[in-house]
Amino acid sequence: EGPEIGSPARTAGILNKYHLRASKRFGQNFLIDLNVLRQIAELAAINQDDTVLEIGPGIGSLTEQLAKAAGQVVAYEIDKKLIPVLAETLAPYDNVKVINQDILKADFSVFHDAKSLKIVANLPYYITTPILFYLLGEKLAFKSITVMMQKEVAARLQAQVGSKEYGELSLAIQYRTDVTIRLQVPRSAFMPSPNVDSAVVMLTPKAGFKAFPYEKELFSLIKAAFAHRRKSLVNNLLFRYGKTDENRARIEQSLTDSGFNLSIRGERLTLENYEQLLLNLRKNAV
Ligand code: SAM
């Protein structure tokens, strides 16, 4: 057996052999640091009971590390040029299935029978948040999501109330999952090396999660609350509901009922605070 796929020499050899150039359009930055590749698989704690859903296998570097530990790996790759490459590089692993499809169009019913589903990826960065929302929106019963992304996006996912990275994205993801940044990865670990540093983030389903009854309204309230970061929450909500005296009275009453100062800003409210505020806004509706 030759060296592992993710070694710099083997990666260069594969790209040469197939006359491949990393496609910018598809966000291709291949990992060439075997330590990082192994660490991702270790963080995800993959074992024989697991079915792993991988997004964007590329030339198979991470897939190989996952296949060594998992029961099964199902990998979605959008770039058809990579399909014959993957057929060759992953030939030694009979527990891998590659699907040539856009992950955002994938039908996840194939995973309904999986005993234990774990999602792992070195994500294409241009669609990091659409992918996360798609995975969460499809109501997949996953044990964990372990994914590499741009460091700044990772910070927003994990951000806590009051910090400058805290916002709509933090709240939307933390609504359903617990988020932790597990590993920082420098740009030099990739070929070609991107203009940003990266981090591996782990998301696990929130224990005892109960859907809020007015989910849509809640997230449109949160969106409005962060629309202009330097404005007060009252002013942001006036933009959203319309600048009338009635609306001002209703918004101010609801803030007071929720126990907040009228000059408070959106970044000071937790998810539970927003839920409370929404209930009060509904109660005080004119
Ligand atoms: N897993 C490989 C690695 O770690 O070296 C490649 C990671 S690269 C950052 C992202 C991969 O996602 C590329 O292979 C790219 O072609 C693929 N990709 C991009 N958009 C995709 C989409 N919408 N659906 C599925 N795969 C996609």
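## Reading the geometry of a predicted model

Author: The axes of helix α2 (residues 34-43) and α3 come within 9 Å and cross at roughly 45 degrees. This is a predicted model.

Reader: Why are α2 and α3 called oblique to each other?

Author: Set the angle against the classes. The axes cross at roughly 45 degrees. Angles under 35 degrees count as roughly parallel, and 65 to 115 as roughly perpendicular. The value falls in neither class, so α2 and α3 are oblique. The crossing of these two helices is right-handed.

Reader: What makes the contact between α2 and α3?

Author: From α2 come L37, R38, I40 and A41. From α3 come S61, L62, Q65, L66 and A69. The cut-off for such a contact is C-beta atoms within 7 Å. By class, the contact has six nonpolar, two polar and one charged residues.

Reader: Why is α10 called oblique to α11?

Author: Helix α10 (residues 245-257) and helix α11 (residues 271-283) cross at roughly 135 degrees, with axes that come within 9 Å. Roughly antiparallel needs an angle over 145, and roughly perpendicular ends at 115. The crossing angle fits neither, and therefore α10 is oblique to α11. The crossing of α10 and α11 is right-handed.

Reader: Which residues meet there, and how do they divide by class?

Author: R250, S254, L255 and D257 in α10 meet L277, N280 and L281 in α11. They divide into three nonpolar, two polar and two charged.

Reader: What makes β4 and β7 edge strands?

Author: Look at the strand order. Seven strands form an open sheet, β4-β3-β2-β5-β6-β9-β7. β4 (96-99) and β7 (177-185) each have a single partner strand, so one side of each is left without a neighbour in the sheet. On average, neighbouring strands are turned by 20 degrees against each other, direction ignored. The pairing in this sheet is mixed.

Reader: How do you know that β2 and β3 pair, and in which sense?

Author: Pairing needs at least two bridges. Strand β2 (residues 50-55) and strand β3 (residues 72-76) have five, in the parallel sense. As one example, T51 has its bridge partner in β3, namely Q72.

Reader: Where does helix α7 lie?

Author: Helix α7 (residues 168-176) lies across β7 and β9 (198-205). Its angle to β7 is about 115 degrees.

Reader: What surrounds the ligand?

Author: A shell of 22 residues. The closest are F26, G56, G58, N122 and P124. The elements that give two or more residues to this shell are β1 (30-31) and α3 (61-69). By class, the shell has twelve nonpolar, seven polar and three charged residues.

Reader: What is omega for the cis peptide bond that joins M191 and P192?

Author: Omega is about -10 degrees at that bond. P192 lies in the loop between β8 (190-191) and β9.

Reader: What is phi of H19, and where does H19 lie?

Author: Phi is near 50 degrees, a positive value in a residue other than glycine. H19 lies in the loop between α1 (8-17) and β1.

Terms used
Residues numbered from 1 in each chain as written. Predicted model: local features only at pLDDT ≥ 70, side-chain atom pairs only at ≥ 80, totals over all residues. Near = placed C-beta within 6 Å. Helix = DSSP H or I, 4+ residues; strand = E, 2+ residues; numbered from the N terminus. Nonpolar A, V, L, I, M, F, W, Y, C, P; charged D, E, K, R; others polar. Axes fitted to C-alpha atoms, helices over the stretch in contact; angles between N-to-C directions. Left-handed = near helix turned anticlockwise from the far one by under 90°. Contact = placed C-beta atoms within 7 Å.
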